[in-house]
Number of protein chains: 2
Amino acid sequence: MAARTRLTRDRVVGAALRVADAEGLDGLSMRRVADELGVETMALYRYTSSKDELLDGLVERLFIELEESLGSTPFGPAALAAGDAETAPPWREALVGVARAMYRVALAHPHVVPLMALRPFTVPLTRRPPAVLRAHERLLTRLERAGLGERATLELYRAFISWVLGYIVTELREVVDNPDEPEPAFRLGLHRLPVKEFPRLRALGPGLAARGGEEQLAAGVTALIDRFAPPT
Amino acid sequence: MAARTRLTRDRVVGAALRVADAEGLDGLSMRRVADELGVETMALYRYTSSKDELLDGLVERLFIELEESLGSTPFGPAALAAGDAETAPPWREALVGVARAMYRVALAHPHVVPLMALRPFTVPLTRRPPAVLRAHERLLTRLERAGLGERATLELYRAFISWVLGYIVTELREVVDNPDEPEPAFRLGLHRLPVKEFPRLRALGPGLAARGGEEQLAAGVTALIDRFAPPT
DNA sequence: GCGGCATATTTACCTCGTAAACATGTCGTT
DNA sequence: AACGACATGTTTACGAGGTAAATATGCCGC
């Protein structure tokens with residue numbers, strides 16, 4: 001378990017991802033990641049300039065997984081680069097496909113999603129990880145090829161990002177208050193809501209706790225597309 | 001400046017909000033908040049059980065501001081409680097009005113927005129601050145009064161939250177790389193993007209940096225309403 | 001005037017990120 | 001084979017931050 005293999009950035013990020021997946025962001029300390037690799041803490045700093053930068057690495061990982069998961073499909077980067085107007089799927093469907101893939105990747109790493117949402121508050125656009133920028137560029141490429149004007153392109157770009165991100169975040173919100181409780185209503189802790197004040201929340205409780213799923217995500221994407229780039 | 005006035009939870013949360021607004025979340029430490037009040041750090045713990053709980057207090061503040069800003073309008077809680085079908089605005093417009101108000105409150109406290117997005121990952125639904133729960137309840141009330149079925153209610157509830165939250169988060173992402181630079185393209189740091197790889201990002205740069213504004217937010221809300229609760 | 005309670009302070013501890021100096025092992029060169 | 005330079009990992013150490021526990025302070029009713 002010692003320094004059998006050399007450290008690499010990939011191994012460091014991989015270890016960080018394992019820790020984050022297993023123990024959440026709170027459990028993700030530099031010391032913990034170092035342990036995971038059987039290495040001293042400061043060794044990590046040869047492969048990341050700071051913890052923040054390592055967090056960006058985690059986000060980048062998700063976007064790389066995204067590229068990989070799309071790679072083999074008609075929605076993938078390859079198909080896009082080929083620019084084959086014959087075999088390429090209609091752009092609207094491509095957007096939906098990308099949204100679905102993002103959804104799956106995000107749900108596979110729920111603890112990293114907060115970073116996806118938050119790091120951009122700090123890291124300016126042009127300093128985002130390459131894989132993230134590539135995803136943006138691909139989105140813009142599709143919109144441009146669709147023949148949208150600049151205004152529609154910008155609006156749809158923003159709308160797509162907002163909806164997909166917001167939807168994923170919303171899906172991952174915690175609803176369970178008491179995990180060991182078998183009775184759904186108690187699991188949610190609905191009994192702590194005064195009936196008088198919160199009748200609907202109580203009545204809909206279980207429904208609120210359920211996920212919307214990929215289908216609703218897809219429905220929203222098409223709704224926004226139709227709004228900001230109406231079929232002519 | 002000493003302990004002239006007694007401490008209260010409101011004063012503590014207020015001080016925390018001032019610090020957050022002025023110095024961002026990174027600057028928000030318990031010691032800093034205590035300084036702001038001219039008090040020792042541990043004094044704060046009489047009014048909050050932990051820092052996390054204080055962060056929830058910040059989020060709650062925003063929702064209270066939301067209630068206040070809506071209070072005097074036809075979209076406010078009062079108008080809703082009155083249940084006056086005559087004077088009450090059509091529910092679709094009410095949703096748009098609420099979205100706009102949230103947008104304004106959020107932009108007034110950009111540093112708190114990350115907390116709005118993130119605390120729910122940790123805090124289960126029924127443990128959210130009362131003002132937050134009231135906002136949810138009001139939303140559900142409007143949808144129920146609109147005569148939507150349970151399914152449409154749940155879908156629209158989720159869609160509304162997702163879109164508004166995602167949109168606000170997206171609006172607040174950092175884009176400026178070099179704030180002192182007058183030239184827009186350099187301000188964004190576009191020169192760091194290889195032309196070959198990122199032609200569209202570079203071309204659209206300034207457009208991406210711009211805000212979508214309230215109008216696009218509103219447009220998205222109506223698009224999603226039409227999708228999940230189509231006018232009959 | 002005094003006991004008691006709410007309020008605020010003092011002390012102290014532990015975790016965390018990371019700077020800086022140091023050790024070690026590998027490899028190319030002669 | 002010997003050596004020096006560099007890349008890789010370790011040791012040591014510091015300061016910031018959250019918060020537990022014990023302690024002091026001031027005000028209140030009796």
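Helices, in the sense used here, are DSSP runs of H or I with at least four residues, and strands are DSSP runs of E with at least two. With these terms the protein chains of this predicted model can be described.

**Chain A and its annotated regions**

Chain A contains 11 helices and 0 strands. Its C-alpha trace extends over about 60 × 55 × 30 Å along the principal axes.

An unreviewed UniProt entry places the feature "domain: HTH tetR-type" at residues 6-66 of chain A. In the model, that stretch of chain A is 64% helix and 0% strand, and 27 Å separate the C-alpha atoms at its two ends. UniProt also lists, again in an unreviewed entry, a "DNA-binding region" at residues 29-48 of chain A. Residues 29-48 of chain A are 40% helix and 0% strand, with end C-alpha atoms 13 Å apart.

**The surroundings of DNA strand C**

DNA strand C is surrounded by 16 residues, and the closest are R31(A), Y45(A), K51(A), R46(B) and Y47(B). By class, the residues of this surface comprise 8 nonpolar, 3 polar and 5 charged. Of the atoms of DNA strand C within 4 Å of the protein, 42% are sugar or phosphate atoms, while the rest belong to bases.

Several polar atoms of the protein lie beside phosphate oxygens of DNA strand C. K51(A) places a polar side-chain atom 2.5 Å from such an oxygen. M30(A) has a backbone N or O atom at 2.8 Å from a phosphate oxygen of the strand, and for a backbone N or O atom of E40(B) the distance is 2.7 Å.

**The surroundings of DNA strand D**

Around DNA strand D there are 16 residues, the closest being R46(A), Y47(A), R31(B), Y45(B) and K51(B). The surface near DNA strand D is made up of 8 nonpolar, 3 polar and 5 charged residues. Bases account for the rest of the strand D atoms within 4 Å of the protein once the 42% in sugar or phosphate are set aside.

The table lists contacts to phosphate oxygens of DNA strand D.

| Residue | Protein atom | Distance to a phosphate oxygen of DNA strand D |
|---|---|---|
| R6(A) | side-chain N or O atom | 3.4 Å |
| M30(B) | backbone N or O atom | 2.8 Å |
| K51(B) | side-chain N or O atom | 2.5 Å |

**A helix pair between the two protein chains**

How do the axes of helix α7 of chain A and helix α10 of chain B cross, and within what distance do they come? Helix α7 covers residues 130-145 of chain A, helix α10 covers residues 199-209 of chain B, and their axes come within 9 Å and cross at roughly 85°. Angles of 65 to 115 degrees count as roughly perpendicular, and α7(A) and α10(B) are therefore roughly perpendicular to each other.

On the side of α7(A), the contact is made by L133(A), H136(A), E137(A), L140(A), T141(A) and E144(A), and on the side of α10(B) by P199(B), R200(B), L201(B), L204(B) and L208(B). Divided by class, this contact of α7(A) with α10(B) has 6 nonpolar, 2 polar and 3 charged residues.

Technical notes. Residues numbered from 1 in each chain as written. Chains lettered and ligands numbered in written order. Predicted model: local features only at pLDDT ≥ 70, side-chain atom pairs only at ≥ 80, totals over all residues. Heavy atoms only, no water. Axes fitted to C-alpha atoms, helices over the stretch in contact; angles between N-to-C directions. Parallel < 35°, antiparallel > 145°, perpendicular 65-115°, else oblique. Contact = heavy atoms within 4.5 Å. Nonpolar A, V, L, I, M, F, W, Y, C, P; charged D, E, K, R; others polar. Near = heavy atom within 4 Å. Polar contact = N/O pair within 3.5 Å; in protein donor to acceptor, adjacent residues only side chain to side chain. UniProt positions renumbered as here; feature names shortened; annotations may be inferred.
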